[in-house]
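Hi,

Here is the structure I promised to pass on. Have a look at it first, and then read on for what turned up.

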Amino acid sequence: MTSKVPQSSAGLQKQAVSGVKNIIAVGSGKGGVGKSTVTVNLAVALAKTGANVGLMDADVYGPNVPMMLGVTGRPQAVNNRIQPLSNHGVHVMSMGFLTTDDTPLIWRGPMLHSVITQFVRQVDWGDLDYLLVDLPPGTGDVQLTLTQTVPLMGAVVVSTPQDVALQDARKAILMFRQVRVEILGIVENMSYFVCPKCNARAEIFSHGGGEETARRYEVPFLGEVPLDISVRVGGDVGKPVVLSEPDSPVARAFGTIAGNVARRISTANLTNLNTMIIQ
Ligand SMILES: Nc1ncnc2c1ncn2[C@@H]1O[C@H](COP(=O)(O)OP(=O)(O)OP(=O)(O)O)[C@@H](O)[C@H]1O
Ligand SMILES: [Mg+2]
């Protein structure tokens, strides 16, 4: 098979990140489908189960994680290691902590490579069960750097159900496959909307395309998240909905997805262990 990826990750030495058990990328082909929202809510949902969780905001150009997790400040260096900031039980590193205003960054590939490598290697992540990585949209430099230099446990692909988003999600699935990163599953975000006034259900972006794509590409379907005002508000005020309205249907949806991700990871780790023992 000819690969459009400049260099396959296969055969490259990917050094483990000391103390970090599972690094999980959250991506999608398309922008604005809710990657950051899903990443932040998954991180908090996993932290609520007692796991040690980190979140690396790899969206260098548009870092939204600090606002969505309500964390501000400037990370300090101790013994040449950058100390991540924390909130809601999640350790966070983001370009948003290092830029002082809203001026857009204009960086080229090698600079992106350098900052992503530093975020992985120079940050004092400590002992983590999960390090979630919020990817920028697309299948570009950041995705390649990460998949080629970091031993990813797997990737979660987020999509909304409409065809144009699914078209890009399929590209993300194929990109992860080309660089041999396991797809932990697909999340269908903005899956449907229930009117808070009349309880009528509307499938604004269509419905079911995430599950259908999962079937077609033989990857797990992790669950669907409704379009809900509380999700957007949670992101804007820095208190994810899994904390602000933990018993709401949408928070429960995130909880189910977090459980599915954790289960997939345990199964994959067990399979890897068995393979090592057999070898
Ligand atoms: N299920 C949802 N219900 C309501 N609003 C949502 C939902 N998911 C995401 N949003 C809102 O949609 C907007 C885009 O979400 P988000 O920033 O997470 O997308 P993204 O895929 O990370 O975007 P980008 O590609 O720019 O990184 C945000 O304002 C977010 O609050
Ligand atoms: Mg984002």
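Searching the whole structure for aromatic pairs gives zero of them. Keep in mind while you browse that this is a predicted model. There is still something to see at one ring: Arg201 sits over the face of Tyr192, 4.0 Å from the ring centre.

Arg201 also has an acidic partner. It makes a salt bridge with Glu203, and the closest N and O atoms there are 3.0 Å apart. How accessible are the two partners? Arg201 is partly exposed, with 43% relative accessibility, and Glu203 counts as partly exposed too, at 42%.

Salt bridges, then. The count comes to six, and besides the Arg201 one I'd point you to two that sit within helices.

- Glu212 bridges to Arg215, with 3.0 Å between the closest N and O atoms. Both are in helix α6 (residues 209–216), and because they are three residues apart there, about one helical turn separates them. Glu212 is partly exposed at 37% relative accessible area, while Arg215 is exposed at 54%.
- Asp168 bridges to Lys171, and here the closest N and O atoms are 3.9 Å apart. That falls inside the cut-off, which is within 4 Å. The two residues belong to helix α5 (residues 163–178) and are three residues apart, again about one turn of the helix. Asp168 is buried: its relative accessible area is 17%, and buried means under 20%.

Why does a spacing of three work in a helix? An α-helix has 3.6 residues a turn, so residues three or four places apart point the same way.

Now the strands. Which residues of strand β8 (residues 154–159) are covered? Six of its six residues are buried. Gly154, Val156 and Val158 point one way from β8, whereas Ala155, Val157 and Ser159 point the other way, and all are buried.

β8 has partners in β1 and β9. With strand β1 (residues 20–27), β8 pairs in the parallel sense over four bridges. If you want to find that pairing on screen, look for Ile24 opposite Gly154 of β8, and for Ala25 opposite Ala155 of β8. With strand β9 (residues 183–194), β8 also runs parallel, joined by five bridges. A handy marker there is Val157, whose bridge partner in β9 is Ile186.

β1 pairs with another strand as well. β1 and strand β7 (residues 128–134) are parallel and share six bridges, with Ile23 having Leu131 of β7 as its bridge partner. β1 is mostly covered, with seven of its eight residues buried. Lys21 is in this strand, and is it buried or exposed? Lys21 counts as exposed, at 61% relative accessibility. If you need a sense of distance, Lys21 and Gly238 are 217 residues apart in sequence, and their C-alpha atoms are 27 Å apart in space.

Helix α4 (residues 141–149) is worth a click too. Seven of its nine residues are buried, so the rest of the structure largely encloses this helix. The buried ones in α4 are Val142, Gln143, Leu144, Thr145, Leu146, Thr147 and Gln148.

Last, the cavities. How many cavities of 30 Å³ or more does the whole structure hold? The search finds one, and the largest cavity has a volume of about 40 Å³. Its lining is made up of Thr37, Val40, Asn41, Met68, Val231, Gly234, Gly235 and Pro240. Helices α1 (35–48) and α7 (229–237) each supply at least two residues of that lining.

If you'd like a quick route through the model, here is the order I'd take:

1. Start at Tyr192, with Arg201 over its face, and follow Arg201 to Glu203.
2. Go to β8, then step to β1 through Ile24 and Gly154 and to β9 through Val157 and Ile186.
3. Carry on from β1 to β7 through Ile23 and Leu131.
4. Finish at the largest cavity, using lining residues including Thr37 and Val231.

Over to you!

Key:
Residues are numbered from 1 along each chain as its sequence is written. Chains are lettered from A and ligands numbered from 1 in the order in which they are written. This is a predicted model: local features need pLDDT of at least 70, side-chain atom pairs count only at pLDDT 80 or more; totals for chains, interfaces and linings use all residues. Side-chain values use heavy atoms; hydrogens and water are left out. A salt bridge is a side-chain nitrogen of Lys or Arg within 4 Å of a carboxyl oxygen of Asp or Glu. Buried means under 20% relative accessible area, exposed over 50%, partly exposed in between (1.4 Å probe, protein chains only). Two strands pair if DSSP finds at least two bridges between them. Rings of Phe, Tyr and Trp (its six-membered ring) pair if their centres lie within 6.5 Å; planes under 30 degrees apart count as stacked, over 60 as edge-to-face and the rest as tilted. A charge sits over a ring if NZ of Lys or CZ of Arg is within 6 Å of the ring centre and within 35 degrees of the ring normal. On a 1 Å grid over the protein atoms alone, a cavity is a set of points where a 1.4 Å probe fits but cannot get out, and a pocket is an open set with protein on both sides within 12 Å along at least five of seven lines; lining residues have an atom within 4 Å of a point. Grid points are joined across faces, edges and corners, and a volume is the space filled by probe spheres set on the points.
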